[in-house]
Amino acid sequence: MTQYQFSEEQRALREAARKFAQGVLVPAAAENERTGVEFPKAVLRDMAKHGLLGLDVPVEYGGQGLDTLSCALILEELAAGWFSSTIFAMNLATGPLLAAGSEAQKKKFLGGICNGEIVPAFALTEPAGGSDAANIKTRVAREGDGYVLRGQKIFITNAHRADVIIVFARSTADAPRGKGISIVLVEKGTPGLKIGQRFETIAHGANPIWEVVFDECRVPRENLIGAEGEGFSYIQKDFAKIRAVYGSRCVGVAQAAIDYALQYAVERVQFGQKVASFQGIRFKVAELVTKIEAARQLSYRAAAMADEGHHEAPVAASMAKIFASQVAVEVTGEAMQLLGGHGLLRLHPLERMYREAKLFQIGDGTSEVLKLLVSRHANKRATDRQSARVD
Ligand SMILES: Cc1cc2nc3c(=O)[nH]c(=O)nc-3n(C[C@H](O)[C@H](O)[C@H](O)COP(=O)(O)OP(=O)(O)OC[C@H]3O[C@@H](n4cnc5c(N)ncnc54)[C@H](O)[C@@H]3O)c2cc1C
């Protein structure tokens, strides 16, 4: 059974992240709701100055070199301030580079990603393949001394401002499912790289999502990450880590929402009483904070299991993300309810958190797809137990 305890250093990291989130991210998020502009470079630089970028990237490549549990603690605090900051603190795009990138690729990109000067994008989803990522149609072919990409991606976060895009493409047409996918780096300005339409979303607008088209897009041979056809194997290793910390992001937003709502409810008087003192409200709040704590512990445990390399870490991480995202949706909705009509005002951050929470059940593996993984595990465990009894 995986146990975890926080060291003094981890507590200090959490404290520092909380201070930064409350001092810098909370006002930045509120300002962004007014302006609707993209995530500010100035905030990125500030995050870099405070050691809040490249959390999981080794120190030798310019990152913080933290274990998954420490990342979870920090991301929980950052998400409580402004969820949109967390995708920079720990970016999906660094995973393949760390798993299989050449020394030259790591040196070229990781330092810049960790100091906020390079914005990366991660391009997997296509019109025909979101959950079913193995079904991607974008093709990459070796031609002459390089590779040529042809195809289309959608929903790619920050593609319009990305200095480099990590692209998943099919290199072998008839490979078995999950095989034959290669990862290629495409830098800004590469001929044939076209940023298409922007998809307007209800949340997370500071990091907008875009269509990306590869029209005979040629990249040099050294832009291939790892070996041809092995792309998926490089990201699969990261799933446990990514989904465990996603759980902590959800927890951060849920905690921030209930904290905000309670501050309001202890002041607001109706029927001659503070709203927070009605028994109906107190019971509801008790249930919500209990669920938040359960989600928090599931996420920490999943993070600790990822650090341990536990064989059930991917399942634990899926459970954490499924549950924590569901809790975030429920808590942000109930937090708005606690404010009554005020809950719907854009003056308060709750309606933003409510909109963000919906994304948590979809990004980085939808709840339904993660449930398939968890149920497979449950079935296997049941069978193993049954055969142990028979033997
Ligand atoms: C704000 C935002 C940012 C994003 N950023 C990126 C990015 O940077 N890079 C990137 O590559 N992608 C990105 N995406 C895409 C995201 O990863 C996909 O939207 C997600 O994986 C779901 O894929 P889909 O939209 O094609 O839905 P589909 O796969 O079509 O799913 C539709 C519904 O069917 C369900 N479903 C699918 N398969 C099953 C099954 N076997 N059993 C039961 N239910 C099933 C799903 O859970 C879902 O409810 C982003 C999306 C959003 C909204």
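This report walks through the domains, the ligand shell, one set of paired strands and one buried helix. The model is predicted.

**Domains**

The domain assignment splits the protein into three parts: domain 1 (8-114), domain 2 (120-229) and domain 3 (234-390). Take domain 1 and domain 3. Their centres, taken over C-alpha atoms, are 21 Å apart. Domain 1 puts 22 residues into the contact, and domain 3 puts in 25 residues. Which helices of domain 1 each supply at least two residues to the side that touches domain 3? They are α1, α3 (68-82) and α5 (94-100). Helix α3 gives the largest share of that side, with 10 residues. By type, the side of domain 1 that touches domain 3 has 15 nonpolar, 3 polar and 4 charged residues.

**The ligand shell**

Now the ligand. It is surrounded by 19 residues. The closest are Gly130, Ser131, Thr157, Thr366 and Glu368. The shell divides into 10 nonpolar residues, 8 polar and 1 charged. Three elements each supply at least two residues of this shell: strand β1 (120-123), strand β3 (146-157) and helix α12 (367-390). Where does the ligand lie relative to the domains? Both domain 2 (120-229) and domain 3 (234-390) give residues to the shell, so the ligand lies between them.

**Strand β3 and its partners**

Strand β3 supplies shell residues. It also pairs with β2 and with β7. The table sets out the two pairings.

| Pair | Partner strand | Bridges | Direction | One bridge |
|---|---|---|---|---|
| β2 and β3 | β2 (residues 139-143) | 5 bridges | antiparallel | Ala141 with Val148 |
| β3 and β7 | β7 (residues 209-220) | 9 bridges | antiparallel | Tyr147 with Val219 |

β2 and β3 also form a hairpin. There are 2 residues between the two strands. Gly144 sits in the turn and has a positive phi of about 65 degrees.

**Helix α11**

Helix α11 covers residues 350-360. Which of its residues are buried? The buried ones are Leu350, Arg352, Met353, Tyr354, Glu356, Ala357 and Phe360. An α-helix has 3.6 residues a turn, so residues three or four places apart point the same way. Look for that spacing as you trace the helix. What do the buried residues of α11 pack against? They pack against α1 (8-35), α8 (239-265) and α10 (313-338). Helix α1 came up earlier too, as one of the helices on the side of domain 1 that touches domain 3.

Terms used
Residues numbered from 1 in each chain as written. Predicted model: local features only at pLDDT ≥ 70, side-chain atom pairs only at ≥ 80, totals over all residues. Near = placed C-beta within 6 Å. Helix = DSSP H or I, 4+ residues; strand = E, 2+ residues; numbered from the N terminus. Nonpolar A, V, L, I, M, F, W, Y, C, P; charged D, E, K, R; others polar. Domains from an automatic or database assignment. Buried ≥ 20, exposed ≤ 12 C-beta atoms within 10 Å, placed from the backbone. Contact = placed C-beta atoms within 7 Å. Pairing = 2+ DSSP bridges.
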